[in-house]
Amino acid sequence: MPIAANSWVKKGHTMYENGLRLDGKTALIVGASSGIGFEVAKEFALQGANVTILANDPAIEGAAAAISKCACRPVSHILCDITDRTGLNRKLAPLQRIDLLVHNAGYERLTPLASPGPEVEEAFRKIVDVNLFGAYYVTREVVPRMPDGGRIIYTASTYAKYAISRMSGYASSKHALVGMMRTFSHELGARRITVNAVCPGWVNTEFSNRSVREIAAETGRTFQDVGNDVLSLQAIEGHLEPRDIVGGYLFLASDLAKDVSGQTIHIDRGEYQN
Amino acid sequence: MHRFDFKNRVVVLTGGSRGIGLGIAQAFCRTDATLHIVAIDSGLPTAVRELSAIGQGSVTGHLCDITESAAIQDCIDGIGNIDVFIANAGIERLTPIEDLSEEAESDFRKIINVNIIGTYLSIRAAVKNMKSGASIILTSSVWGKSAAGAFGAYVASKHANIGFMRSLARELGPKGIRVNCVCPGWVETDAAMRSLNKMSARSGRPEPEILGEVIASQCLPGLQEPADIAALYLFLASSLSRNITGQAINADRGEFLG
């Protein structure tokens, strides 16, 4: 039968005992100075991974110190702009091996079609540059350092599947990220590297709240009112916190998820169902 | 949480005596769940005996037909409080549209009756014994999102499972009960291998050739085994997925991306 040897699957039958531990794995979490990325990095460190966090934000140093203190293990940090290819190449040079990549860096601004002027066009370009090209550059740097059986997890968004008004740049970039993820899952599957995306709903971070505030200002409504538009779509009520999202990343990173690839996992309390 | 632990958690699984269901049962036994298996096939007592040797929890078998409304209600009521309900029982047969035999029509009705009506009746019986924090998981299929020729009834029923799941997620969300689907790809089970045999007979192509095409369409190599699928059920049953509801997640080695 033309079926690849399943020996690596057999070994996986002890996976329930290893469960969700990440001992001995080297993880790079990109976009981890705060919010979801910070919480994911903390969880991975607590599960025994050797964690390096990266962001284009001086707060990354303090974030590494905080995670290190919490998990009682060293955590490295890299201050770097992921849209700067040569800088990224230089800064990642010390990392020999990366088993787990969580690419969480992103940029969100409103880009209303009705807005004239160069600012909105500039914002649109920057969104695509950070969210798509940034992910592309990071992945290209990491893949040669990733052993067989590695994990790549992108942070997409519910707006990778649908959109609301004024989000054209962000929704485009996140839809594109999912297309790229699906393609890479084909390209890397032969090496048993899984490639997936987590799609968070509206999480209580400055990253997302800023857009809600701006929509409220533009439409003359309150922050709460605009926010309720989003929350009312959820099957389970309440505003998600960064901590609520980490379970999906941990599962996808673990040995248990070795057969899940090319998928988008929505962690959104049922906001979008696909 | 370092590993999944379902000690003292009551997990009810339909169709757990063979195939994917047996793989799911083994996973919950390894994580010390209090497991109840509902099935109608004669292999149930043997499965329960073998499963009882795994882990620290208990395993109870219930011989019951999920399409019998009164029987399944009595059966589920007898179990009491339920933390995790897995609607996994289902049947897979070919139902080619050009097959005008009574047998094909009968198969079509039976597939819809078990996979859609049986799933409805069993979940309906279970919901009243579930509290906030509980999780319902339905076994759909990659064919709940895509299709293969000659499987009209099965494909329709698996699409229906996803529509039903989404509606239930909205309906039960306010009560804190989550509802999701697992969509397995090709798995080495008797049911799938029987389908492969029939597909081969219909097309005149050898089985390895057909199966080889399926495997080649996956991102990850190799044919899955039931144990490979089970991990996703553990995740969706656990508190790690407490913010995930209304989703249909594939465990298919990347066969269908969408």
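## A strand pair in chain A

Tyr154(A) stands opposite Ala197(A), a residue of strand E6(A). The two strands concerned, E5 (residues 151-155) and E6 (residues 194-200) of chain A, run parallel and are joined by five bridges. The model described here is a predicted one.

## The sheet of chain A

The strands E5(A) and E6(A) belong to an open sheet of seven strands, with the order E3-E2-E1-E4-E5-E6-E7 and parallel pairing. At its edges lie strand E3 (76-79) and strand E7 of chain A, each of which pairs on one side only. On average, and with direction ignored, neighbouring strands of this sheet are turned by 15° against each other.

Helix H10(A) lies across four strands of chain A, namely E4 (100-103), E5, E6 and E7. Its direction is at about 160° to that of E5(A).

## The loop before strand E5 of chain A

Val143(A) is placed in the loop between helix H6 (118-142) and strand E5 of chain A. Is Val143(A) buried or exposed? Val143(A) falls in between and is partly exposed, because 18 other C-beta atoms lie within 10 Å, whereas a buried residue needs 20 or more and an exposed one has 12 or fewer.

Along the chain, Val143(A) and Tyr272(A) are 129 residues apart. Their C-alpha atoms are separated by 31 Å.

## The sheet of chain B

Chain B also contains an open sheet of seven strands; its order is E3-E2-E1-E4-E5-E6-E7, and the pairing is parallel. Strand E3 (59-63) and strand E7 (248-251) of chain B are the edge strands, each pairing on one side only. The average turn between neighbouring strands of this sheet is 20°, direction ignored.

At one edge, strand E2 (residues 34-39) of chain B pairs with E3(B) in the parallel sense over five bridges. Within this part of chain B, Ile37(B) has Gly61(B) of E3(B) as its bridge partner. Helix H2 (residues 44-52) of chain B lies across both E2 and E3 of chain B and runs at about 170° to E3(B).

## Strand E6 of chain B

Which residues of strand E6 (residues 178-184) of chain B are buried? Seven of the seven are, so this strand is largely enclosed by the rest of the structure. Arg178(B), Asn180(B), Val182(B) and Pro184(B) point one way from E6(B), while Val179(B), Cys181(B) and Cys183(B) point the other way. The buried set thus named includes the charged residue Arg178(B).

Strand E6(B) has partners in E5(B) and E7(B). Five bridges join it to strand E5 (residues 130-139) of chain B, running parallel, and here Asn180(B) is the bridge partner of Ile137(B). Four bridges join E6(B) to E7(B), again in parallel, and Cys183(B) has Asn250(B) of E7(B) as its bridge partner.

## The largest nonpolar core

The largest nonpolar core holds 156 residues, of which Ile29(A), Ile53(A), Val11(B) and Tyr233(B) touch the most other members. The element that gives the most to this core is helix H8 (residues 226-237) of chain B, with ten residues. In soluble globular proteins, nonpolar side chains tend to be buried together.

Which residues does Tyr233(B) contact, leaving aside its neighbours within four places in sequence? They are Ile24(B), Ala27(B), Ile86(B), Ile137(B) and Val182(B). Of these, Val182(B) is one of the buried residues of E6(B), and Ile137(B) is the bridge partner of Asn180(B).

## The interface between the chains

In the contact between the chains, 40 residues of chain A meet 42 residues of chain B. Helix H2 (15-18), helix H7 (168-188), helix H10 (246-253) and strand E7 (264-267) of chain A are the elements that give two or more residues to the side of chain A that touches chain B. The largest share, four residues, comes from H10(A). By class, this side of chain A has 19 nonpolar, 14 polar and seven charged residues.

## Confidence

The model scores ipTM 0.81 and pTM 0.88. Chain B has a mean pLDDT of 95, with 100% of its residues at 70 or more. Chain A averages 92, and 93% of its residues score at least 70.

Over residues 1-14 of chain A, pLDDT stays under 50, and the model has 18 contacts beyond four places in sequence for them. Where pLDDT is low, the predicted coordinates should not be read in detail.

Terms used: Residues are numbered from 1 along each chain as its sequence is written. Chains are lettered from A and ligands numbered from 1 in the order in which they are written. This is a predicted model: local features need pLDDT of at least 70, side-chain atom pairs count only at pLDDT 80 or more; totals for chains, interfaces and linings use all residues. Two residues are in contact if their C-beta atoms, placed from the backbone, lie within 7 Å. A nonpolar core is a set of buried Ala, Val, Leu, Ile, Met, Phe, Trp, Tyr and Cys residues joined through C-beta atoms within 7 Å. Two strands pair if DSSP finds at least two bridges between them. Axes are lines fitted to C-alpha atoms, for helices over the stretch in contact, and angles run from 0 to 180 degrees between N-to-C directions. pLDDT is the predictor's confidence in each residue, from 0 to 100.
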